[in-house]
Each structure stands twice: as structure tokens, then as C-alpha cells.
Amino acid sequence: MSDEFDLLETNSNEKQSKVDVNWGKAIDTMKSKLAQEDDPEVRQKILNATLDDVVHMAEKDRTTLLDAIKDLTDYQDEVGIIFEAFSSLNAEEQKVIDNAIKRLERARVELEDAEAKPDTWWNNLWGRKAKIRKAEEELKAAQKARDEADTKAKAMFQQRIESADVQTLLNELSFKSQAAVKRLKDREVEIKEVEDKLQDAIVEATKNHTKALEKKKEVETKLEEQYALLKQARQALEEIVDKQSAEYAEAVGKVTTLEQKVEELEGLKNAYTTLAASKDSFVHKHNLTIKVLTSLRSNLQTHRAKLKSDTEERLKYYDGYVVALKARTDQEFAAILEHLGVKTDEHIGETLAAMHTASAKARQEMMDNIPVHEKVMQGVYSSYAEALQEIRAKDVDIQKNFAERYGIDMKQIFEDYYAAENEPSKPEGESPKPEPKSGDDDLLS
């Protein structure tokens, strides 16, 4: 259980590739932007918040996240962080890099195979050197494509997140945090390795410091002996009276030899003194460096542990935020549906009410139109009676004309005809009614 919860664990056995850091002004830029986020109206916004306000706040969150991720991506370039190892790429973006890597590896293998063939006249005859040149050109092109792949993938990545939603941006921020945890751990490993080397250097420098002091002491002992011998030789030289004698010349040579020996020993003494001082100085320098590195490593451990733990919690926090945003959208959707339902109810109610009033009005209009209809029908019947009257008057003329021209009395014929046409059939045994008088036929009576 302890291993699982050891957030400060640093495994120095894991060798990681080191990244050269070129510190720029990226950190200051990001700090400055983050410092601008302080808003004195936050409390008032919370107090007066509506669902519509949340939309604008969420959009501001998205914009802030987008700017931060852009700055972090640019910061990666400034400090030498490998882009694809610090950003969550989708399949298309990752494929650009993977294809470039595969091409580069394939070009290296082909060049190695071409160079592995023996340099014989037979192989050269079959194009060994040409294949090598072709493989070298392909390797250069593949290396260039590999170098450009990061830039291309980064451009695709930036274009994708430009229109990304909050959830995608939060996932990217979480990925960068997780990548940063690994990077901090790698840096701790690197610092620990340097600390170990400095510890070894301190031990070695201490040994050399001790040896230098021992050698210095040995030289000082020899120097004392040589000083004593030199003093005796100089005294013996002074006691010789004949300065032109061989004895004097020999004594001078002895003194010169001893002086050279003393000079050499003095030089060794100074050298060992300087060396001892230098080693002692570096022992203190290495010790100071170790203290500084240990402090930095400790701080890195603290940051890494907090970032690792916070990132794990933050993922849950972000999940809650994203779900809350979706719930806000669903709530807005429900409100829209409710509003639409209410409006639909209103419209249907209006339609039903209009239908009822329209029906009542139609009934009233129907009732109102009955007298009008009767008047119209009265006019129709009046016109019909008038026309019939004209017809009968014309019949009289026709009868008269027939009587005058043919001696036939048509009046009785026409009267019988009209009587037979207008009277209903009478049942047997019923006495016939008197015939209506001519010109007195009122169909509306």
C-alpha cells in the first residue's frame, strides 16, 4: 500500500533522455495573463446569475483555457519540451509523426544495409555506391520530414483546439498536467544523478586534498633537510680562502646544486599547497551545489506530488464541471420545451376558443340569415308568379289567335290542360273541387 501512495517516489534506475532547457519569457507571460483574471465583480455575478449568464461564463472559461493551452504549447518550444510527448494528439495528428518516424527508421536501415555490403569490384559493379548515395539522400529527406512533422502536427493540433469545446480543452490541460508530472520526475532523477556524481567528487576531492597535504608535509621535511645542507655548504664555501682553487669551485657547485634542489622543493611545496587549497575549495563548492540541488529536488518532489494528486482530483472536478455544463444545457432545453409546450397549449386554447366562438357566431349568423333567405325565396316565388302571369296572358292571345285563324276555341283546351296539370289526383268517391278561376292562380297563397 505504501508503494501505491508514495507520491514522492523517485526511481533513479529509470534512465530518461535529457532535454536542454532554454528558459525564455514564456513563464512571465503566462503569469501576467493569469494575474489579469482577478475580477472584483465575481460575487455580484454569482448573486445575479442566470442560465444565460452561465453561457457567457462558460465561454470565457473556454477562451481562457484555449489561450492557456496555446501559451503552454509555445512554452514547450521555448524550453525544449518535445511537442508530441506533452500534448494529447488525435489519430490524424499522431499519424503524421508516426509516419515520419517510420520513414526515418526505414531510411536508416536501408543505408546500413547498403553500407554493409563489402566494398568489392563486383558489388560496386552492381551499383553499391549508387545505392549508398541514394540511401543517404533518402535519409536526409526523411530526417527533414521528421523535423517538419512536429510543426505540421502542431499546426493541426492548434487548428483543432481553436474550435474545441470546454471538455476537449480540459482533457488537454489534464494531459499536460500528467505529462508535467512525468517531466518533473525525470528532472528529479537527473538531479539525483548529478548529486551522486558530486558526492563521488567530494570524496575524490577530499582524498586528493589529504594526499596533497601529505605530500606537502613530505616536501617540507625534505626542504628542511636541504636547507640544513645548504646552510652547511654555504658556511663551508665561506671558509675557503683561495677563491681560485678547485676546492672553492667544487664548493660553489655544491651550493648551486643544493639551491636548485631547494627551489624545486619550494615549487613542490607551493604546488601541493595550492592543490590542497583547490581541492578543499571544491569540496565546499560541491557541498554547496549538492545542498542547492537537494533543495531544488525537494521542491520538485513537492510540486510533482501536489500536481499528481491534484490532477487526479482535478479530473473528477472537471468531470463534474462538464456534466454541470451539460445539465445546464439540458435544463435550458427542458425550459425551451416547457416554454414551447406552454405556447402550444396557449395556441391550442386560442384555437379551441376561437372555434367555439366561431361556431356560436356561425349559428347566430345562420339564425340571422333565415329571414333573409325567406325574403330571397319570396322574391323567387314572386318572380315565378309574375312570369306565370305573363305566360297565361300570352296563352290568352294564343287562344284568341287560334280561334280567329282556325275557328277553334283554345280557351277550354288550355283551361282543361292547366286544371289537369295543377290538381292532384283525387281518390275515388271524393267530390271534385271547383276549378280555380283563370288569372287567380297564386302559388304562394
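# Talking through a predicted helical chain

Me: In this predicted model, which residue forms a salt bridge with Arg103, with the closest N and O atoms 3.0 Å apart?
Reply: Arg103 has its closest N–O approach at 3.0 Å, and a salt bridge needs a Lys or Arg side-chain nitrogen within 4 Å of a carboxyl oxygen of Asp or Glu. The residue on the other side of this salt bridge is Glu138.

Me: Where along the chain do these two partners sit, and how many residues apart are they?
Reply: Arg103 belongs to helix H4, while Glu138 belongs to helix H6, which covers residues 128–162. The pair therefore links distant parts of the chain. Their separation in sequence is 35 residues.

Me: Is Arg103 buried, partly exposed or exposed?
Reply: Buried means under 20% relative accessible area and exposed means over 50%. Arg103 has 30% relative accessibility, so the label is partly exposed.

Me: And what relative accessible area does Glu138 have?
Reply: Glu138 is partly exposed too. Its relative accessible area is 26%.

Me: How many salt bridges does the structure hold?
Reply: The Arg103 and Glu138 pair is one of them. Counted over the structure, the number is 14.

Me: Why are Arg187 and Glu190 separated by about one helical turn?
Reply: The side chains of Arg187 and Glu190 meet in a salt bridge, at 2.5 Å from N to O. Arg187 is partly exposed, with a relative accessible area of 21%. The two are about one helical turn apart because they lie three residues apart in helix H7.

Me: Which residue meets Arg234 in a salt bridge?
Reply: The N to O distance for this salt bridge is 2.8 Å. The partner of Arg234 is Glu259.

Me: Which helices hold Arg234 and Glu259?
Reply: This pair links distant parts of the chain, 25 residues apart. Arg234 is partly exposed at 39% relative accessibility, and Glu259 is partly exposed at 33%. Arg234 is in helix H7, and Glu259 is in helix H8 (residues 246–406).

Me: Is Glu93 buried or exposed?
Reply: Glu93 is found in helix H4, residues 91–116. Its relative accessible area is 1%, and the cut-off for buried is under 20%, so Glu93 is buried.

Me: With which side chain does the side chain of Glu93 make a polar contact?
Reply: Leaving aside residues up to four places away in sequence, Glu93 touches Ala153, Met156, Phe157 and Arg160. The polar contact, at 2.8 Å, is with the side chain of Arg160.

Me: How many Å apart in space are Glu93 and Ala155, C-alpha to C-alpha?
Reply: Along the sequence, Glu93 and Ala155 are 62 residues apart. In space, their C-alpha atoms are separated by 9.2 Å.

Me: What does Ser177 touch, not counting residues up to four places away in sequence?
Reply: Ser177 is found in helix H7. At 14% relative accessibility, Ser177 counts as buried. Its contacts are Leu307 and Thr311.

Me: What distance separates the C-alpha atoms of Asn270 and Lys216?
Reply: Asn270 lies in helix H8 and is partly exposed, with a relative accessible area of 46%. Asn270 and Lys216 are 54 residues apart along the chain. Their C-alpha atoms are separated by 8.1 Å.

Me: Which residue lies over the face of Phe282?
Reply: The distance to the ring centre is 4.7 Å. The residue over the face of this ring is Lys285.

Me: How many helices and how many strands are there in the chain?
Reply: Read along the sequence, the pattern is α-α-α-α-α-α-α-α-α. That fits the count of nine helices and zero strands.

Me: What share of the residues in the chain is buried?
Reply: The chain has 445 residues. Buried residues make up 22% of them.

Me: Which element has the highest mean pLDDT, and which the lowest?
Reply: The chain averages a pLDDT of 77, and 77% of the residues score at least 70. Among the elements, the lowest mean is 54 and the highest is 88. The highest belongs to helix H7 (residues 166–239) and the lowest to helix H1 (residues 26–35).

Me: How many contacts beyond near neighbours in sequence does the stretch of residues 10–24 have in the model?
Reply: Over residues 10–24 the pLDDT is below 50. Where pLDDT is low, the predicted coordinates should not be read in detail. With that caution, the count for residues 10–24 is 30 contacts.

Note on methods:
Residues are numbered from 1 along each chain as its sequence is written. This is a predicted model: local features need pLDDT of at least 70, side-chain atom pairs count only at pLDDT 80 or more; totals for chains, interfaces and linings use all residues. Side-chain values use heavy atoms; hydrogens and water are left out. A charge sits over a ring if NZ of Lys or CZ of Arg is within 6 Å of the ring centre and within 35 degrees of the ring normal. Helices (H or I, at least four residues) and strands (E, at least two) are DSSP runs, numbered from the N terminus. Buried means under 20% relative accessible area, exposed over 50%, partly exposed in between (1.4 Å probe, protein chains only). Contact means heavy atoms within 4.5 Å. A polar contact is a pair of N or O atoms within 3.5 Å; within protein, one must be able to donate a hydrogen and the other to accept it, and residues adjacent in sequence count only if both atoms are side-chain atoms. pLDDT is the predictor's confidence in each residue, from 0 to 100.
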